[in-house]
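Work through the exercises below with the sequence and the 3D view open. Try each task before reading its solution.

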Amino acid sequence: GVGVIGCGSRGGGLTRNLLGLDDGDVEVVAVCDTYRPRMAAAAENSGAERQYMDHRELLDDPRVDAVIIATPDHIHGGQVVDAANQGKHIFCEKPFTHWRQFAVTKQARNAVRENGVVFELGTQGMMDSAWRQARDLVEQGLIGEPIHAECGYFRVGDWGERGMPIDDPDVQPGPDLDWDAFIGDAPQQPFDVSRYFRWRLYEDYSGGPVTDLYPHSMTPAVYALGLGAPCHAVATGGIHRYDYPEREVPDTFNMLVEYPERVCVAVLGTQGNDYAATGSRSSLNRSPVLRGWEGALVFDDDEIQFIPADGSDKEPRTVAVKDRGSGQQHMANFVRSIRGESDPVSGIELAYNVQTALHMATLSYRRRITVQYDVQNETLVDNAGHPVTA
C-alpha cells in the first residue's frame with residue numbers, strides 16, 4: 001500500500017509510473033496535499049480511498065507501507081524523518097532537502113539508517129545502466145587514477161519556475177488550503193498565491209538549478225567515480241537573464257567540489273542557453289566526462305567512449321550501453337528494493353553525499369566563501385573552522 005504525499009505535477013507523474021507497473025500487489029491507498037482540490041483530483045486518478053491534508057495522518061494509516069514524497073523542496077526532509085520513524089519505505093523526489101537544511105539532511109539520513117527502511121531519491125536517470133557500467137570500468141582501472149569530472153545542466157527558459165501554473169488566483173488559506181503546513185520550517189510569510197503555487201521562484205522554498213536540476217547531473221558522476229563525502233566547495237552564479245521581481249533564485253550556477261580522493265567535480269549550467277556541449281543522452285542534461293590519469297569516459301546515446309590521455313599506452317574503445325532506463329523502471333526498482341529483490345540506485349548514502357555538496361555550493365554562492373565539510377563532526381565550516389549555516 002502506497003501513500004502519495006504531494007499531488008502536483010511530480011506527484012502525479014510518479015503515481016502514474018507506479019500504477020503503470022502492472023503489479024497486482026501494489027496499490028495507491030492514500031493521498032495527501034495541502035491543497036484539497038489537487039488532492040481530490042489525485043484520489044480520483046489513482047483510485048486512492050483515503051485523503052489527508054496532514055501527512056502525519058497519512059503516515060498513521062496502517063494500510064500505508066511506503067510513501068512517495070513529492071512536496072516542495074523545503075518539506076522533503078522533515079517528511080522523510082517522519083516516514084522513516086513510522087517504518088515506511090520512502091521514494092523522495094529530488095532534492096533530498098532544501099539548501100538551508102543541512103541539519104535536517106543529517107536527521108533524515110540517520111532516521112533512514114536507524115529504522116532500516118528503503119530510501120530511493122528521485123534521480124530517475126540513475127536507472128541508465130551506463131553509470132553502473134562506467135563504475136565497473138573505473139574500478140577495473142581503465143581511466144587510471146580518477147582526477148576530474150565535468151557535468152551540468154543547460155536549458156533556455158525558466159519554465160520550471162515562472163511557468164508553474166496558479167490553479168486558482170483567488171484562493172485563500174482555509175479548509176481547502178493549509179498555508180501553515182506549506183510554510184513548514186521556512187520563514188513565516190503572509191499568504192501569497194504566487195509563493196504557494198510558484199514556489200520554485202523563491203529562495204525560502206527552492207534553490208534554483210543547483211538543487212532543482214543538479215542532483216540529476218551530479219549523482220551519476222559521483223556514483224561512477226565511487227566518491228564519498230566532499231571536502232570543500234566553491235560556487236558562483238546569479239540571475240543573469242530572468243530578472244523580474246518575483247524571482248529570487250539564480251538562473252546561472254557553476255560549482256567546483258573537491259573530494260578527499262583527490263578528485264574535482266565541476267558542475268556547470270545556465271537557464272539562458274541550452275547547448276550542452278558534451279554527450280547527447282539528453283538535450284539538456286550534460287552527460288558527465290570522467291577523467292583519469294590514463295584517459296576519459298564520454299557518454300553518447302548508445303555507447304560509452306574511452307579516450308586515452310596523452311602519453312597513455314591504452315587504445316580507444318567503445319562499450320555498448322545495455323539499458324537506457326526510464327522513470328517507470330526507477331519506480332519498479334523501488335518496489336523490488338522493498339521486496340529485497342534489488343538495491344536502490346539512488347540510496348540514502350549517495351543522496352546524503354550529493355546533497356551535502358549542494359548545500360556547500362549554495363552556501364558558498366550566498367556567502368562568497370569556500371565551504372568545507374568536517375567529516376569527523378559532520379559540520380560545514382569556513383577556512384578558519386567556523387560553522388557555516390544558512
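The exercises that follow use a predicted model.

**Exercise 1. The open sheet**

Task: Give the strand order of the six-stranded open sheet, and find the strands at its edges.

Solution:
- Step 1. Read across the sheet. The order is β3-β2-β1-β4-β5-β6, and the strands pair in parallel.
- Step 2. Look at the ends. β3 (50-52) and β6 (119-121) each have a single partner strand, so one side of each lacks a neighbour in the sheet.
- Step 3. Add the twist. From one strand to the next it averages 15°.
- Step 4. Zoom in on one edge. Strand β2 (residues 28-32) pairs with β3 in the parallel sense, over three bridges. Within this part of the sheet, Val31 stands opposite Gln51 in β3.

**Exercise 2. Backbone exceptions**

Task: Find the cis peptide bond between Lys94 and Pro95, then examine phi at Arg368 and Glu378.

Solution:
- Step 1. Recall the background. Most residues other than glycine have a negative phi, and most peptide bonds are trans.
- Step 2. Check the bond. Lys94 and Pro95 are joined by a cis peptide bond, with omega about -10°. Pro95 lies in the loop between β5 (89-92) and α5 (102-115).
- Step 3. Take Arg368. Its phi is positive, near 60°. Arg368 sits in the loop between α12 (348-367) and β16 (371-374).
- Step 4. Take Glu378. Here phi is near 55°, again a positive value in a residue other than glycine. Glu378 belongs to the loop between β16 and β17 (379-381).
- Step 5. Classify the exposure. Arg368 has a relative accessible area of 52%; the cut-off for exposed is over 50%, so Arg368 is exposed. Glu378 has 22%, so Glu378 counts as partly exposed.

**Exercise 3. Helices α4 and α5**

Task: Describe how α4 packs against α5, and sort the contact residues by class.

Solution:
- Step 1. Choose the descriptors. Two packed helices are described by the angle between their axes and the distance between the axes.
- Step 2. Apply them. Helix α4 (residues 73-85) packs on α5 at an angle of about 20°, with the axes 8 Å apart.
- Step 3. Name the arrangement. Angles under 35 degrees count as roughly parallel, so α4 is roughly parallel to α5. The crossing is left-handed.
- Step 4. List the residues. α4 contributes Gly77, Gly78, Val80, Val81, Ala84 and Asn85, while α5 contributes Val104, Gln107, Ala108, Ala111, Val112 and Asn115.
- Step 5. Sort them. The contact of α4 with α5 has seven nonpolar residues, five polar and no charged.

**Exercise 4. Helix α12 and its surroundings**

Task: Describe the packing of α10 on α12, then decide whether Ser364 is buried or exposed.

Solution:
- Step 1. Read the geometry. The axes of α10 (residues 214-224) and α12 come within 10 Å and cross at roughly 120°.
- Step 2. Name it. That angle makes α10 oblique to α12. The crossing is right-handed.
- Step 3. Trace the contact. From α10 come Tyr214, Pro215, Met218, Thr219, Val222 and Tyr223. They meet Leu350, Val354, Ala357 and Leu358 in α12.
- Step 4. Sort the residues. Nine are nonpolar, one is polar and none is charged.
- Step 5. Place Ser364. This residue is in helix α12. Its relative accessibility is 0%, so Ser364 counts as buried.
- Step 6. List its contacts. Leaving out residues up to four places away in sequence, Ser364 touches Ala233, Val234, Ala235, Ile369 and Val371.

Definitions and conventions
Residues numbered from 1 in each chain as written. Predicted model: local features only at pLDDT ≥ 70, side-chain atom pairs only at ≥ 80, totals over all residues. Heavy atoms only, no water. Pairing = 2+ DSSP bridges. Helix = DSSP H or I, 4+ residues; strand = E, 2+ residues; numbered from the N terminus. Axes fitted to C-alpha atoms, helices over the stretch in contact; angles between N-to-C directions. Buried < 20%, exposed > 50% of the residue type's maximum accessible area, 1.4 Å probe, protein only. Parallel < 35°, antiparallel > 145°, perpendicular 65-115°, else oblique. Left-handed = near helix turned anticlockwise from the far one by under 90°. Contact = heavy atoms within 4.5 Å. Nonpolar A, V, L, I, M, F, W, Y, C, P; charged D, E, K, R; others polar.
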